[in-house]
Amino acid sequence: MELELRVIHAHNNNKTVDSKLDDLKKHLAKLSFTGYALKDEAIFSLELATAGRMQLPNKEWMVIRPETMDADGKLRLELSVEKLKFKTTVTIAPGGTLVVGGPSFENGALILAVRRPKAT
């Protein structure tokens, strides 16, 4: 299944939102930051129980692992950064987008946005 992952630096340094994040504005508006910059993005094609890895701007490695899929097609995903003791499990429907708060980074935080296209 295909998963799109974007790594975003959320901060209060200014009120600028990267134009590449326009589709996430309603999700980001719920957070307590004023500025958002896209730091990296990747597309993963993963089978259940396999892992994808991506290096974050803080040089740590994040692991994304699809765990199970329920009868409704909702996918259970684990996101983790072992060295930072960050681990979360989320559920995402086909066509869904999730925005998950991540580790601290440069006077703000890294935000992970995961999108699952409908076709997978």
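## His9 and the four-stranded sheet

The side chain of His9 reaches the backbone oxygen of Glu106 at 3.2 Å, a polar contact (a pair of N or O atoms within 3.5 Å; within protein, one must be able to donate a hydrogen and the other to accept it, and residues adjacent in sequence count only if both atoms are side-chain atoms). The model is predicted: local features need pLDDT of at least 70, side-chain atom pairs count only at pLDDT 80 or more, and totals for chains, interfaces and linings use all residues. Residues are numbered from 1 along each chain as its sequence is written, and side-chain values use heavy atoms, with hydrogens and water left out.

The polar contacts of the His9 side chain described here are these:

| Side chain | Partner atom | Distance |
|---|---|---|
| His9 | backbone oxygen of Phe105 | 3.2 Å |
| His9 | backbone oxygen of Glu106 | 3.2 Å |

His9 lies in strand β1 (residues 2-11); strands are DSSP runs of E with at least two residues, numbered from the N terminus. His9 has a relative accessible area of 6% and is buried (under 20% relative accessible area, 1.4 Å probe, protein chains only). Beyond neighbours within four places in sequence, the contacts of His9 include Gly35, Tyr36, Phe105 and Gly108 (heavy atoms within 4.5 Å).

An open sheet is formed by four strands in the order β2-β1-β8-β7, with antiparallel pairing; two strands pair if DSSP finds at least two bridges between them. β2 (35-45) and β7 (97-105) each have a single partner strand, so one side of each is left without a neighbour in the sheet. β7 and β8 (residues 108-115) run antiparallel and are joined by seven bridges. Leu98 stands opposite Val114 in β8.

How values were computed:
Buried means under 20% relative accessible area, exposed over 50%, partly exposed in between (1.4 Å probe, protein chains only).
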